[in-house]
Amino acid sequence: QGWAWFAILLGIFIVVIRAPLALRPAAALAAYQKILGRLLATDARVRTLGVVYAVLALGCFAATREAGEAMAPLLTFVGVLCTGAAGWTLAAPATFRRVVEGILGRFDASPAAARAVGAIAVAFGAFLVVLGVRAL
């Protein structure tokens, strides 16, 4: 049942982080730029983010052992994405920083796109919470 709690916590985290993007995209993007500006200020900080991605990937892969047939592929997919992000941030932090800044710049030009991404992320987070609760 550890994977169920992992899915619930990850889902809640996604909803809390992305709900402002769906509801108030301009304010959320300004906050994201301020936070990410500090987080991505140096290569060492970007690499620290890579370590966080790696730990999240390990959690996903460990949770797949206990997960049922419905949840195991999803956790594996998220684990692979986190592994890729970890490798990218550790190997090429400057490139990662430029891509993230470019994505945020595009969202500034299109608040509707930011709102859509936020809504999709909130729906995905809620889906994870429901899967986890059903498994308990």
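# Exercises on a predicted model

Among the elements that cover the buried residues of α6 are α1 (2-23), α2 (25-39), α4 (72-91) and α5 (93-109). The model is predicted, and the exercises below start from this helix.

**Exercise 1.** Compare the reach of helix α6 with its expected span, and state which of its residues are buried.

*Solution.* Step 1: α6 runs over residues 111-135, which gives 25 residues. Step 2: from the first C-alpha to the last, α6 reaches 36 Å, close to the 36 Å expected at 1.5 Å a residue. Step 3: the buried residues in α6 include A114, G118, A121, G125, L128 and G132.

**Exercise 2.** Determine whether R97 is buried or exposed, and what its side chain reaches.

*Solution.* Step 1: R97 belongs to helix α5, one of the elements covering the buried residues of α6. Step 2: the relative accessible area of R97 is 16%, so R97 is buried, the cut-off being under 20%. Step 3: the R97 side chain reaches the backbone oxygen of L40 at 2.5 Å. Step 4: with neighbours within four places in sequence left aside, R97 is in contact with L40, A41, T42, D43 and V46.

**Exercise 3.** Count the disulfides and explain why C82 is in no bond with C60.

*Solution.* Step 1: a disulfide needs two cysteine sulfur atoms within 2.5 Å; the count comes to 0 disulfides. Step 2: C60 is in no disulfide, and its nearest cysteine sulfur, in C82, is 5.2 Å away. Step 3: for C82 the closest cysteine sulfur is that of C60, and 5.2 Å is too far for a bond. Step 4: C60 is buried, with a relative accessible area of 0%, and C82 is buried with 8%.

Notes. Residues numbered from 1 in each chain as written. Predicted model: local features only at pLDDT ≥ 70, side-chain atom pairs only at ≥ 80, totals over all residues. Heavy atoms only, no water. Helix = DSSP H or I, 4+ residues; strand = E, 2+ residues; numbered from the N terminus. Expected span 1.5 Å × (residues − 1). Buried < 20%, exposed > 50% of the residue type's maximum accessible area, 1.4 Å probe, protein only. Contact = heavy atoms within 4.5 Å. Polar contact = N/O pair within 3.5 Å; in protein donor to acceptor, adjacent residues only side chain to side chain.
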